Amino acid sequence: MGDDNIPLELTERDRWGGWVMARLDDGWCAALDRSTWLCTIYGRRPMICHDYEVGDNDCIEERRLHTNARMESHGASR
Ligand code: SF4
């Protein structure tokens with residue numbers, strides 16, 4: 001995220017010291033509007049986010065993994 005122009009309050013350092021998008025307690029990116037499911041900084045989102053297209057295979061796989069992880073943390077079975 002070095003050259004990206006991201007609001008600092010939406011970022012945090014990971015365990016390796018790199019800057020990443022912060023996540024809120026629900027696990028989703030801090031820049032995600034929870035009511036619309038749209039990115040609140042879409043025009044200046046990190047370059048890594050440009051690599052994901054909504055609904056492409058990577059996107060669907062990430063959503064599947066995240067949804068399964070959330071269900072497991074709440075004790076639900078698949
Ligand atoms: S596009 Fe990137 S910055 Fe925007 S909500 Fe999604 S993960 Fe966060």
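**Notebook: a predicted model, element by element**

I began with the secondary structure and found two helices and two strands in the protein. I am working from a predicted model. Reading from the N terminus, I get the order β-β-α-α.

**Overall dimensions and burial**

I looked up the extent next. Along the principal axes, the C-alpha atoms fill a box of roughly 40 × 30 × 25 Å. Then I checked burial. I noted that 4% of the 78 residues count as buried. For contacts, I took pairs at least 6 apart in sequence. Of these, 27% join residues at least 24 apart.

**Confidence**

What is the mean pLDDT of the protein? I read 85, with 91% of the residues at 70 or more. I then asked where confidence is lowest and where it is highest. Helix H2, residues 57-73, has the lowest mean, 77. Strand S1, residues 11-13, has the highest, 95. I keep a general caution beside these entries: predicted coordinates should not be read in detail where pLDDT is low.

**Ligand shell**

Which residues surround the ligand? I listed Met 21, Cys 29, Ala 31, Leu 32, Cys 39, Ile 41, Arg 45, Pro 46 and Cys 49. I sorted this shell by class and got eight nonpolar residues, no polar ones and one charged. Arg counts as charged, and Arg 45 is on the list.

**The loop between S2 and H1**

I went to the loop that runs between strand S2 (19-21) and helix H1 (47-50), and found Gly 43 there. Is Gly 43 buried or exposed? I count it as exposed, because it has 6 C-beta neighbours inside 10 Å. I also took a distance from this residue. Gly 43 and His 66 are 23 residues apart along the chain, and their C-alpha atoms are separated by 24 Å.

Trp 37 is in the loop between S2 and H1 as well. Its backbone caught my eye: phi is positive, about 60°, although Trp 37 is not a glycine. I checked its surroundings too. Trp 37 has 9 C-beta neighbours inside 10 Å, so it counts as exposed.

**Helix H1**

I picked Ile 48, which is found in helix H1. Why does Ile 48 count as exposed? It has 11 other C-beta atoms within 10 Å, and the exposed class takes 12 or fewer. I then looked from Ile 48 to Met 71. The two are 23 residues apart in sequence and 26 Å apart in space, C-alpha to C-alpha.

**Before S1**

I finished at Pro 7, in the segment before S1. Pro 7 has 11 C-beta neighbours inside 10 Å and therefore counts as exposed. How far apart in space are Pro 7 and Arg 45, and what is their separation in sequence? I read 9.7 Å from C-alpha to C-alpha, with their positions 38 residues apart in sequence terms. Arg 45 was already in my notes as one of the residues around the ligand.

Definitions and conventions
Residues are numbered from 1 along each chain as its sequence is written. This is a predicted model: local features need pLDDT of at least 70, side-chain atom pairs count only at pLDDT 80 or more; totals for chains, interfaces and linings use all residues. Helices (H or I, at least four residues) and strands (E, at least two) are DSSP runs, numbered from the N terminus. A residue is buried if 20 or more other C-beta atoms lie within 10 Å of its own, exposed if 12 or fewer, and partly exposed in between; C-beta atoms are placed from the backbone. Two residues are in contact if their C-beta atoms, placed from the backbone, lie within 7 Å. pLDDT is the predictor's confidence in each residue, from 0 to 100. A residue is near a molecule or strand if its C-beta atom, placed from the backbone, lies within 6 Å of it.
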